[in-house]
Amino acid sequence: MAEVAEPAEPAGLAALLAAAPPRGVIARGLGRSYNNAAQNGGGLVITTTRMNRIIDFDAENGLVTCEAGVSLEQLMTAGLPRGWFVPVTPGTRQVTVGGAIAADVHGKNHHVAGSFARHVASFDLLLADGQVCHVTPGSEPGLFWATAGGMGLTGIITAATVRMAKVETSRVRVDTVRTPDIDETMAHLSQTDDAYGYTVAWSDCLARGRNLGRSVITSGDFAGLSELPPKDRRDPFRFRPGSLASAPPVFPSGLVNSRTVALMNEAWYRKAPRSRTGELQTIGTFFHPLDGIRNWNRVYGPAGFLQYQFVVPFEQEATVRQAFEKISAARAPSFVTVLKRMGDGDPGLLSFPMAGWTLALDFPARTPGLAGLLAWLDEAVLTAGGRVYLAKDSRVPPGVLAGMYPRLDEFRKLRAELDPRGVFASDLSRRLSL
Ligand SMILES: Cc1cc2nc3c(=O)[nH]c(=O)nc-3n(C[C@H](O)[C@H](O)[C@H](O)COP(=O)(O)OP(=O)(O)OC[C@H]3O[C@@H](n4cnc5c(N)ncnc54)[C@H](O)[C@@H]3O)c2cc1C
């Protein structure tokens with residue numbers, strides 16, 4: 001339980017901070033983080049989604065200035081007709097600009113474009129003392145890189161200027177390849193990194209033996225105008241957001257289990273072409289398939305699910321392989337299992353991305369043996385020099401996290417200087433002493 005404020009203007013925010021309750025205040029965007037990063041039991045949560053105005057769009061240079069509650073979908077709707085797409089998009093476009101900066105989100109183009117903060121020219125940050133600071137990576141590098149990935153704990157971002165990416169159409173030219181095992185999956189991803197702007201592997205986490213880590217890899221780039229069929233060239237930036245279907249309100253717990261996921265994985269893998277090139281896909285199909293089903297999370301039933309994402313450096317391929325071995329041996333049914341190569345990380349003190357392999361997994365919360373499996377993964381990731389993602393973690397022990405984020409103490413020190421009263425706090429920050 002928390003009190004929730006939904007201001008429509010940033011003007012009253014400082015007063016809310018001045019009257020902060022003992023359990024503190026946290027900003028919340030569209031609530032798409034997979035944990036309690038934007039929750040604050042017993043305290044105040046400030047939802048930014050009514051502060052959602054686009055302030056300026058420089059169509060010549062692709063620079064957009066907007067309030068922090070603007071969603072990436074809004075930026076796409078505003079940008080595409082002028083030939084601009086968001087520089088980085090996560091697997092859902094229902095996230096705010098504030099949330100994208102605070103988690104320093106990454107997308108299928110991380111290996112070439114880096115994470116979201118790299119494309120942020122500036123933001124306005126409301127600090128704990130009520131001052132608003134205009135922050136650029138050049139003028140305030142410490143504050144900029146503590147806030148990018150800082151999970152809302154340095155202040156409330158009220159507005160930001162983002163550099164968009166130029167596109168000629170809204171369609172993505174996609175190549176698909178089916179790989180029979182983990183070795184070929186990783187080899188294919190490594191060999192084709194330079195060839196595509198966007199790439200990701202969907203993996204079958206339950207396959208074992210010679211099928212271990214079999215995957216469907218989709219890679220692509222935005223299509224040029226001349227690549228569209230003539231009938232589509234009249235409207236090259238067509239973009240129709242909106243859910244296609246809604247998941248029924250109640251699913252029984254236990255519907256997503258190792259048997260049903262094994263069947264779905266088999267069907268998905270078999271349905272994918274062995275190899276196909278040049279298929280034109282919409283933004284929704286390629287980037288945000290889950291946005292097409294409203295309330296998709298209900299499929300997991302009332303018990304819910306748990307998301308786990310880690311990254312390990314490139315020389316730690318063995319850890320990725322062992323993770324697949326452990327998960328498939330434990331019959332832990334992650335339906336959405338995504339493997340990807342990341343490029344270099346940015347200087348964000350708590351930013352997740354680093355050069356290496358990232359694996360994202362979705363497990364039904366009641367999977368037998370899940371706690372032990374994830375504790376094993378924590379240790380394996382830590383030993384490999386990797387880390388878990390703070391926008392998704394809901395269970396890693398604080399001591400393990402400190403080993404994963406070597407600049408955590410620097411972050412804590414800066415936070416103590418910026419916010420001596422401890423105005424900003426979330427359930428996540430309390431659990432991990434961030
Ligand atoms: C289906 C799905 C797919 C996803 N795919 C990816 C992916 O591919 N890559 C990826 O990186 N992430 C992914 N995510 C996670 C998501 O992108 C991040 O959790 C993102 O931060 C959510 O943004 P939000 O606006 O919903 O923020 P919230 O979830 O509301 O908040 C997230 C954090 O941002 C802080 N915050 C929010 N607004 C502000 C503000 N104005 N000022 C300061 N702090 C603020 C909050 O305090 C909190 O700590 C995915 C999530 C879903 C549901």
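This is a short tour of the structure, stop by stop, with something to select at each one. The model is predicted.

**Stop 1: the ligand**

Start with the ligand and the residues around it. How many residues surround the ligand? There are 33. Ala27, Arg32, Ser33, Thr96 and Tyr389 are the closest.

Now pick out three backbone partners. Select alanine 27: one of its backbone N or O atoms lies 2.6 Å from an oxygen atom of the ligand. Move to leucine 30. A polar backbone atom of leucine 30 is 3.0 Å from an oxygen atom of the ligand. Then select glycine 91. Here a backbone N or O atom lies 3.0 Å from a nitrogen atom of the ligand.

**Stop 2: a three-stranded sheet**

Select residues 3-5 for strand E1, 25-28 for strand E2 and 44-47 for strand E3. These three strands form an open sheet, and its order is E1-E3-E2. The pairing is parallel. Why does one side of E1 and of E2 lack a neighbour in the sheet? E1 and E2 stand at the edges with a single partner strand each, so one side of each is left without a neighbour there. From one strand to the next, the twist averages 25°.

Zoom in on E1 and E3. Three bridges join them. Select valine 4 and look across: valine 45 in E3 stands opposite.

Strands of a sheet pair through backbone hydrogen bonds, and the pairing can be parallel or antiparallel. The next stop shows an antiparallel pair.

**Stop 3: a hairpin**

Select 120-126 for strand E7 and 132-135 for strand E8. E7 and E8 pair in the antiparallel sense over four bridges. Leucine 125 has cysteine 133 in E8 as its bridge partner.

The two strands form a hairpin, with five residues between them. Select glycine 130 in the turn: its phi is positive, about 90°.

Which residues of E8 are on the covered face, and which on the uncovered one? Cys133 and Val135 make up the covered face. Val132 and His134 make up the uncovered one.

**Stop 4: two residues with positive phi**

Select aspartate 104. This residue sits in the loop between helix H3 (97-102) and helix H4 (110-113). Aspartate 104 is not a glycine, yet its phi is positive, about 45°. Is aspartate 104 buried or exposed? Its relative accessibility is 0%, so aspartate 104 counts as buried.

Now jump to arginine 331, in the loop between H9 and E18. Arginine 331 also has a positive phi without being a glycine, here about 55°. Its relative accessibility is 26%, so arginine 331 counts as partly exposed.

**Stop 5: one side of helix H6**

Select residues 182-192, which form helix H6. Colour Ile182, Thr185, Met186, His188, Leu189 and Thr192: these are buried. Why do they lie on the same side of H6? They cover an arc of only 160° around the axis, which puts them there. An α-helix has 3.6 residues a turn, so residues three or four places apart point the same way.

Next, show what the buried residues of H6 pack against. Select strands E11 (171-179), E12 (198-203) and E13 (215-222). Add helix H9 (317-329), then strands E18 (338-342) and E19 (356-364).

Finish at the N-terminal end of H6, which aspartate 181 caps. A side-chain oxygen of aspartate 181 lies 3.1 Å from the backbone nitrogen of aspartate 183.

**Stop 6: glutamine 309 and lysine 392**

Select glutamine 309 in strand E17 (residues 305-312). With 5% relative accessibility, glutamine 309 counts as buried. Which side chains make polar contacts with the side chain of glutamine 309? One is that of threonine 358, at 2.9 Å. Another is that of lysine 392, at 2.8 Å. Beyond four places in sequence, glutamine 309 also contacts other residues, including His106, Phe352 and Tyr389.

Follow the contact to lysine 392, in the loop between strand E20 (387-388) and helix H11 (398-404). Lysine 392 has 14% relative accessibility and counts as buried. Among the residues it touches, beyond four places in sequence, are Tyr34, Asn35 and Ala360.

End with tyrosine 308. Its C-alpha atom and that of lysine 392 are separated by 6.3 Å, although the two residues are 84 apart along the chain.

Technical notes
Residues numbered from 1 in each chain as written. Predicted model: local features only at pLDDT ≥ 70, side-chain atom pairs only at ≥ 80, totals over all residues. Heavy atoms only, no water. Buried < 20%, exposed > 50% of the residue type's maximum accessible area, 1.4 Å probe, protein only. Arc of directions from axis to C-beta. Contact = heavy atoms within 4.5 Å. Polar contact = N/O pair within 3.5 Å; in protein donor to acceptor, adjacent residues only side chain to side chain. Pairing = 2+ DSSP bridges. Axes fitted to C-alpha atoms, helices over the stretch in contact; angles between N-to-C directions. Near = heavy atom within 4 Å.
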